[in-house]
Amino acid sequence: MAATNRLSCYSDPADHYCHRVRLVLAEKGVGVEILDVKPGQCPEKLVEVNPYASVPTLVDRDLALYEPGVILEYLEERYPHPPLLPVYPVARANTRLLVHRIQRDWCSLVDRILDARVPESQRAQARKELRESLTGVSPVFAEMPYFMSDELSLVDCCLLPILWRLPRLGVDLPRAAKPLLDYMERNFAREAFQASLSAAERNMR
């Protein structure tokens, strides 16, 4: 386990991109100082290490990373156990492609729903699309314990923070989505997932 005072992570306690980083840190048992940054509040030290003053930002000694995908890849290489990417190149590429599809198909809808500047009609349409898309893919979760995998991967670490936020997003899954609901129940109960939650996130359910 890493020294607890070497690694720090600037994180919005309510943001799903920050949550995925905290989840990977928890799954790998990495000692890290989580520094909460709420919207509109930017610590001077964050500006010093990140020209965009964005979160999540991971600081490891003289290294500062501030793009979620880059952070996850770095953590996978820096702390390889337990692995969250498959060993073989083809499987690794497929895993990365699934992460990309989650970003493009679902995260884009989540971001639209959460953006108060977006007209309510468009946010309602995004809720409908997200509900239908998740329901449609639900049978896939009956085949394997994780998302198209026998082992927890970066794909799950990107998906679970979204699924945890469904009540906040105003998205209710129907009974037809039982395989997905079962997947959520199993993985929300994981010790690492519970450890990854901020107080704000615990209040979402």
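Me: In this predicted model, what does buried mean for a residue?
Reply: The term rests on relative accessible area, calculated with a 1.4 Å probe on protein chains only. A residue over 50% is exposed, one in between is partly exposed, and a residue counts as buried when the value is under 20%.

Me: With that cut-off, which residues of E1 lie on one side and which on the other, given that both faces are covered?
Reply: Side chains in a regular strand alternate between the two faces of the sheet. In strand E1, which spans residues 7–11, 5 of the 5 residues are buried, so the strand is largely enclosed by the rest of the structure. The two covered faces are made up of Leu 7, Cys 9 and Ser 11 on one side, and of Ser 8 and Tyr 10 on the other.

Me: What is the order of the strands in the open sheet?
Reply: E1 pairs with E2 in the parallel sense over 4 bridges, and with E3 in the antiparallel sense, also over 4 bridges. E3 is in turn joined to E4 by 3 bridges, and these two strands run antiparallel. The pairing is therefore mixed, as strands of a sheet can pair either parallel or antiparallel through backbone hydrogen bonds, and the order of the 4 strands is E2-E1-E3-E4.

Me: Which strands stand at the edges of this sheet, and why is one side of each left without a neighbour?
Reply: Within the order E2-E1-E3-E4, neighbouring strands are turned by 15° against each other on average, with direction ignored. A strand with a single partner has one side without a neighbour in the sheet, and this is so for E2 (33–36) and E4 (63–65).

Me: Which residues are the bridge partners of Ser 8 in E2 and in E3?
Reply: Ser 8 belongs to E1, on the side it shares with Tyr 10, and E1 pairs with both E2 and E3. Elsewhere along the strand, Cys 9 stands opposite Ile 34 in E2, and Tyr 10 has Thr 57 as its bridge partner in E3. For Ser 8, the partner in E2 is Glu 33 and the partner in E3 is Val 59.

Me: In the hairpin of E3 and E4, which residue takes a positive phi?
Reply: Both faces of E3 are covered, with Thr 57 and Val 59 buried on one side and Leu 58 and Asp 60 buried on the other. Val 59 has Ala 64 as its bridge partner in E4. The hairpin has 2 residues between the strands, and the residue with a positive phi, near 55°, is Arg 61.

Me: What is the handedness of the β-α-β unit made by E1, H1 and E2?
Reply: Helix H1 (residues 16–27) lies across E1 and E2, running at about 155° to E1, while helix H3 (residues 68–78) lies across E3 and E4 at about 35° to E3. The two strands joined through H1, E1 and E2, pair in the parallel sense. The unit of E1, H1 and E2 is right-handed.

Me: How many disulfides does the count come to?
Reply: A disulfide needs two cysteine sulfur atoms within 2.5 Å. Cys 107, buried at 0% relative accessibility, has its closest cysteine sulfur in Cys 158, at 6.9 Å, which is too far for a bond. Cys 158 is likewise buried, at 1% relative accessibility. By this rule the number of disulfides is 0.

Note on methods: Residues numbered from 1 in each chain as written. Predicted model: local features only at pLDDT ≥ 70, side-chain atom pairs only at ≥ 80, totals over all residues. Heavy atoms only, no water. Pairing = 2+ DSSP bridges. Axes fitted to C-alpha atoms, helices over the stretch in contact; angles between N-to-C directions. Contact = heavy atoms within 4.5 Å. Right-handed = clockwise from strand over helix to strand, strands pointing away.
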